Amino acid sequence: MRVRPTKTTVAGTSEVGSPSRVRPASRAAAVLATVGAVAGLALTSAPAAQAAQTVQAADPCISIPERGPNLDDGYGVMKGSFNLKNKPKINDCNVRRMYRGQVLYFNCWRKNNHGNLWVYGRVKGTRTYGWMSVANFSSVHGSSYPICNWNASKDHI
């Protein structure tokens, strides 16, 4: 009886679905080619990941503002929708958006280079800190308006 040859596919199986007899050298070459392709992908993606980290490190908006001293027991209620800032400047990076009626717990105060009064504080119900202009509050409660002294803390005074 004569056996009909089967056509071998890339995966090492015949068209009929049974394993074919593939030479060990051919199988080893296929494994090496697959390993080489995977290693090549890993090497080409590493520089892209490093470049993304470099861009993030260079972007000042990605940095989170340093948590300042809590010298004030007051709070303010937002009169509209305004951005909490990284620094006490209108054109600085936004930390997050705050909306009408939201509360900002005050830590300390300062005037910026234009003489406008800004407060550093924490958004109620979060761990988010940043700067807000006093002009953005509909009301201010219980504040003693202490000046920000980054070396001071109520725990150490």
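Which cysteine residues form a disulfide, and how far apart are their sulfur atoms? Keep in mind that this is a predicted model.

1. The pair is cysteine 108 and cysteine 148, with sulfur atoms 2.0 Å apart. The structure holds one disulfide, so there is no second bridge to look for. The link of cysteine 108 and cysteine 148 is right-handed, with 95° about the S-S bond.

2. As for what the bridge joins: cysteine 108 sits in strand β4, while cysteine 148 is in the segment after β7 (137–141), so the disulfide ties together parts that lie 40 residues apart in sequence.

3. Both ends are tucked away. Cysteine 108 is buried, at a relative accessible area of 0%. Cysteine 148 comes out at 13%, and since buried means under 20%, cysteine 148 counts as buried too.

4. Now the packing. The largest nonpolar core has 10 residues, among them Met78, Leu84, Trp109, Val123 and Phe137. Strands β4 (103–111) and β5 (117–123) each supply at least two residues of this core. The largest share, three residues, comes from β4.

5. Have a look at methionine 132, one of the residues of that core. Leaving aside residues up to four places away in sequence, methionine 132 touches Met78, Phe82, Asn83, Leu84, Met98, Leu104, Trp118, Val119 and Phe137.

6. There is also a second, separate core of seven residues, which includes Leu71, Cys108, Tyr120 and Tyr129. Cys108 thus turns up in this second core as well as in the disulfide. As a general point, nonpolar side chains in soluble globular proteins tend to be buried together.

Technical notes
Residues numbered from 1 in each chain as written. Predicted model: local features only at pLDDT ≥ 70, side-chain atom pairs only at ≥ 80, totals over all residues. Heavy atoms only, no water. Core = buried A, V, L, I, M, F, W, Y, C linked by side-chain atoms within 4.5 Å. Buried < 20%, exposed > 50% of the residue type's maximum accessible area, 1.4 Å probe, protein only. Helix = DSSP H or I, 4+ residues; strand = E, 2+ residues; numbered from the N terminus. Contact = heavy atoms within 4.5 Å. Disulfide = S-S within 2.5 Å.
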